[in-house]
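Trainee: May I ask for a close look at a single part of this model? I would be grateful for an account that begins with one residue and then turns to its surroundings.

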Amino acid sequence: MRLTVEAAERAGNSVEVLMTRYAKCFYGRRALAGRRIDALLNEYA
């Protein structure tokens, strides 16, 4: 959940917006999306 909150904050949205509006972008690609988000967040950590 922490990564979801952080991703939402970085996108300038709430978790609710992230999950309702953008979740369809991840449908069927959760593992790939997770790796990409982790990689990007780790670059700035």
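**Arg10 and its surroundings**

Mentor: Arg10 touches Leu41 and Tyr44, leaving aside residues up to four places away in sequence; a contact here means heavy atoms within 4.5 Å. This is a predicted model, in which local features need pLDDT of at least 70 and side-chain atom pairs count only at pLDDT 80 or more, while totals for chains, interfaces and linings use all residues. Residues are numbered from 1 along each chain as its sequence is written, and side-chain values use heavy atoms, with hydrogens and water left out.

Arg10 belongs to helix 1. A helix is a DSSP run of H or I with at least four residues, a strand is a run of E with at least two, and both are numbered from the N terminus. Along the sequence, Arg10 and its contact Tyr44 are 34 residues apart, yet their C-alpha atoms are separated by 11 Å. Arg10 is partly exposed because its relative accessible area is 48%, and the class runs between buried (under 20%) and exposed (over 50%), with a 1.4 Å probe and protein chains only.

Leu3 is placed in helix 1 as well, which spans residues 2–11. Leu3 touches Asp38 and Leu41, again not counting residues up to four places away in sequence. Leu41 is thus named as a contact of Leu3 and as a contact of Arg10. Between the C-alpha atoms of Leu3 and Ile37 there are 8.3 Å in space, although 34 residues separate the two in sequence. Leu3 has a relative accessibility of 31% and therefore counts as partly exposed.

Val5 is another residue of helix 1. At 30% relative accessibility, Val5 is likewise partly exposed. Its C-alpha atom lies 9.7 Å from that of Glu16, eleven residues away in sequence.

The surroundings of Arg10 include a pocket. Ten residues line the second largest pocket, and Ala7, Arg10, Ala11, Leu18 and Ile37 lie nearest its centre. Helix 1 and helix 4 (30–43) are the elements that give two or more residues to this lining. A pocket is an open set of points on a 1 Å grid over the protein atoms alone, where a 1.4 Å probe fits, with protein on both sides within 12 Å along at least five of seven lines; lining residues have an atom within 4 Å of a point.

Helix 4 also holds Gly34. Gly34 is partly exposed, because its relative accessible area is 27%. From the C-alpha atom of Gly34 to that of Ala11 the separation is 15 Å, and the two residues are 23 apart along the chain.

Finally, the setting of these helices should be noted. The protein chain has four helices and zero strands, and its pattern along the sequence is α-α-α-α. Its C-alpha atoms fill a box of roughly 25 × 25 × 15 Å along the principal axes. Of the 45 residues in the chain, 11% count as buried. Arg10, with its 48% relative accessible area, is not in that class but is partly exposed.
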